[in-house]
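Q: Please take a close look at a single part of this structure and explain it step by step. A connected account, suitable for a first-year student, would be most welcome.

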Amino acid sequence: MKLVWTYNILAKVGNKTEERKRILINYYIVSITTAKKYGYFTIMYCDSESAKYFQDIVDEIHIEDNYQNSVQWDCYKIKAFEERNDEYCLIDGDVILHDRLPDFNSDVVIDTYEVKNWELEYKPVIEQFTELGIGDILDGWCDKKKPVFSCGILYFKEDKYRKLYVDMWKKYNNFLNEKLQTHKIDVDVATMVGGQYLVTLCANHLGLSRSH
């Protein structure tokens, strides 16, 4: 199985100063080089400005700017899901392996669940989107509290599940871009909703088996 990292220069979470940015980049470098020691084929999806940090250490790199005209800083995860149909797993740059990953047998595999930040982070934006009518365009949309997938590790067993999530994300991304023209929205949290919360809803809506 191949491992795929993504990095976007737009990222603001944990990246608000040049020092924090350097720390984050170094996490990525350690994450990638450590995975290579365990024999993994490493792949990076990123923007052209960020490519300089990774092009000499990964086995394969994909560079694109302005994917789907998205303000979401993890949009390159969607690009990978859209393009690839081989055996791979997404991994975040702050995930450092200490061994090879176990065999994945569930429909979707994540690293853990987020259970303590619903009220502070997810709830306000999710309820805002509900009021703005996102349920009219996304099947399975729900604003009730639930454990949210933490997608530091994210694997879909079948390509058809990845494609269904990609379709949901693109609808969500178009909705976000449209509403940003007339409403004040926390883009950082909206990115988390479009990534981790939307994956959770997708898995629940499709009845997918999951493990962490």
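**Asn-177 and its surroundings**

A: In this predicted model, Asn-177 touches Gln-68, Asn-69 and Val-71, where residues up to four places away in sequence are not counted. Asn-177 itself belongs to helix 5, which covers residues 159–180. With a relative accessible area of 17%, Asn-177 counts as buried, because the limit for that class is under 20%. One of its contacts can be described at the level of atoms: a polar atom of the Asn-177 side chain lies 3.1 Å from the backbone oxygen of Asn-69.

Two of these partners deserve separate attention. Gln-68 is placed in the loop between strand 3 (60–63) and helix 3, and Asn-69 is found in the loop between strand 3 and helix 3 as well. The backbone of Gln-68 has a phi near 55°, a positive value in a residue other than glycine. For Asn-69, phi is near 50°, again positive in a residue that is not glycine. Gln-68 has a relative accessibility of 33% and therefore counts as partly exposed. Asn-69 has a relative accessible area of 51%, so it is classed as exposed; the cut-off for that class is over 50%.

The loop leads on to helix 3, residues 75–83. Seven of the nine residues of helix 3 are buried, which means that this helix is largely enclosed by the rest of the structure. The buried residues are Cys-75, Tyr-76, Lys-77, Ile-78, Lys-79, Ala-80 and Phe-81. They pack against helix 5 and against four strands: strand 1 (2–7), strand 2 (42–46), strand 4 (88–91) and strand 6 (148–156). Helix 5, the element that holds Asn-177, is thus also among the packing partners of helix 3.

On its other side, the loop is joined to strand 3, and this leads to the sheet. Seven strands form an open sheet in the order 3-2-1-4-6-5-7, with mixed pairing. Strand 3 and strand 7 (210–211) are the edge strands, each pairing on one side only. Strand 3 pairs with strand 2 in the parallel sense, over four bridges. Within this region, Ile-43 stands opposite Glu-60 of strand 3. Helix 1 (residues 18–37) packs on the sheet and touches strand 1, strand 2 and strand 4. The direction of helix 1 makes about 170° with that of strand 1.

To return to the starting point, the buried Asn-177 meets a loop that runs between strand 3 and helix 3.

Key. Residues numbered from 1 in each chain as written. Predicted model: local features only at pLDDT ≥ 70, side-chain atom pairs only at ≥ 80, totals over all residues. Heavy atoms only, no water. Helix = DSSP H or I, 4+ residues; strand = E, 2+ residues; numbered from the N terminus. Buried < 20%, exposed > 50% of the residue type's maximum accessible area, 1.4 Å probe, protein only. Polar contact = N/O pair within 3.5 Å; in protein donor to acceptor, adjacent residues only side chain to side chain. Contact = heavy atoms within 4.5 Å. Pairing = 2+ DSSP bridges. Axes fitted to C-alpha atoms, helices over the stretch in contact; angles between N-to-C directions.
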